[in-house]
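Colleague: I am new to this structure and would like a close look at a single part of it, the sheet, together with whatever is placed around it. Could you take me through that part slowly, in one connected account?

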Amino acid sequence: MRVLGIDPGTIRLGYGIVDGEEQVCMVCCGVLNLSSKKPIETRLYSLYSELNRIIAEHQPDEVAVEEPFVGRNIRSALAIGRAQAVAMLAATNQGLPVYHYSPAEIKQQVTSYGGSDKQQVQQMVMIQLGLPCPPQPSDAADGLAVAICHLQQRRLEINISSKLVG
């Protein structure tokens with residue numbers, strides 16, 4: 001199964017693509033950087049176009065998107081929600097199922113601790129993917145973490161359902 005993981009943002013959107021049946025391996029990762037000086041609608045359109053290109057090029061089977069963390073900065077959460085909606089639209093436009101995970105769920109799946117910091121996530125992504133160094137920048141590592149989280153969750157679901165049926 002090939003999964004596209006997305007860490008949404010309207011200035012920096014991190015993405016990572018992993019393949020994983022028995023072993024998880026990285027296909028690619030990166031960050032879509034957009035100017036904060038451009039109007040939000042222009043940035044959202046750019047995100048949509050680039051995500052469509054990435055999906056067409058790498059042909060993921062499923063897409064996993066990090067949900068926005070709503071803290072004290074409501075404007076930031078709203079912007080992240082807009083980028084999340086664009087990611088869902090790009091995936092749905094190409095017939096892909098979309099799954100959502102909270103930041104704590106992703107950290108728990110990847111590092112075994114829901115309160116991990118960015119460096120811990122980067123280190124565990126590096127270890128789990130057998131990379132020589134942590135993925136850079138951290139937004140790309142976060143995209144990979146979302147994809148790894150989804151693969152682990154799907155494996156767990158398949159394992160549980162096979163035990164219930166068998």
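Modeller: What follows starts with the sheet and then moves outwards to the helices, the charged pairs and one loop residue. Please keep in mind throughout that this is a predicted model.

The sheet is an open one, built from five strands in the order S3-S2-S1-S4-S5, and its pairing is mixed. Strand S3, residues 24–33, and strand S5, residues 98–101, stand at the edges, and because each of them has a single partner strand, one side of each is left without a neighbour in the sheet. On average, and with direction ignored, neighbouring strands of this sheet are turned by 20° against each other. In general, the strands of a sheet pair through backbone hydrogen bonds, and they do so either parallel or antiparallel. Strand S1 (residues 2–7) and strand S2 (residues 12–20) run antiparallel and are joined by six bridges; within this pairing, Ile-6 has Tyr-15 in S2 as its bridge partner.

Two helices can be placed directly on this sheet. Helix H1, which spans residues 40–58, lies across S1, S2 and S3 and runs at about 160° to S3. Helix H3, residues 103–111, also packs on the sheet, where it touches strand S4 (62–66) and S5, and its direction makes about 90° with that of S5.

A further helix, H2, covers residues 74–93; its 20 residues reach 28 Å from the first C-alpha to the last, close to the 28 Å expected at 1.5 Å a residue. Its buried residues are Ala-77, Ala-79, Ala-83, Gln-84, Val-86, Ala-87, Ala-90 and Ala-91, and these pack against S1, H1, S4 and S5, so that the description of H2 leads back to the strands of the sheet and to helix H1. Just after H2, Gly-95 takes a positive phi of about 75°.

The loop between H2 and S5 also contains Leu-96, which counts as buried because its relative accessibility is 13%, under the 20% that marks the limit for buried residues. Leaving aside its neighbours within four places in sequence, Leu-96 is in contact with Ile-55, Pro-60, Asp-61, Val-63 and Ala-91; of these, Ala-91 is one of the buried residues of H2. Leu-96 and Gln-59 are 37 residues apart in sequence, while their C-alpha atoms are 9.6 Å apart in space.

The charged side chains give another way of tracing how the sheet and the helices are connected. The structure holds seven salt bridges, and one of them starts from the sheet itself, where the side chain of Arg-12 meets that of Asp-139 at 2.6 Å, N to O. This pair links distant parts of the chain, with Arg-12 in strand S2 and Asp-139 in helix H5 (residues 138–165), 127 residues apart. The two partners can be told apart by their accessibility: Asp-139 counts as buried at 13%, whereas Arg-12 is partly exposed, with a relative accessible area of 35%.

Helix H5 takes part in another salt bridge, in which the side chains of Lys-118 and Asp-142 meet at 2.4 Å, N to O. Here too the pair links distant parts of the chain, Lys-118 being in helix H4 (residues 118–129) and Asp-142 in helix H5, 24 residues apart. Lys-118 is partly exposed at 43%, while Asp-142, at 10% relative accessibility, counts as buried.

Back on helix H1, the side chains of Glu-50 and Arg-53 meet in a salt bridge of 3.0 Å, N to O, and the two residues lie three residues apart, about one turn of the helix. An α-helix has 3.6 residues a turn, so residues three or four places apart point the same way. Both partners are partly exposed, Glu-50 with a relative accessible area of 31% and Arg-53 with one of 39%.

Helix H4, already met through Lys-118, rounds off the picture. The buried residues of H4 are Val-121, Gln-122, Val-125, Met-126 and Leu-129, and seen down the axis of H4 they fall within an arc of 135°, so they line one face of the helix. The face turned away from this buried side carries the exposed residues Gln-119 and Ile-127.

Definitions and conventions
Residues numbered from 1 in each chain as written. Predicted model: local features only at pLDDT ≥ 70, side-chain atom pairs only at ≥ 80, totals over all residues. Heavy atoms only, no water. Pairing = 2+ DSSP bridges. Helix = DSSP H or I, 4+ residues; strand = E, 2+ residues; numbered from the N terminus. Axes fitted to C-alpha atoms, helices over the stretch in contact; angles between N-to-C directions. Contact = heavy atoms within 4.5 Å. Salt bridge = Lys/Arg side-chain N within 4 Å of Asp/Glu carboxyl O. Buried < 20%, exposed > 50% of the residue type's maximum accessible area, 1.4 Å probe, protein only. Arc of directions from axis to C-beta. Expected span 1.5 Å × (residues − 1).
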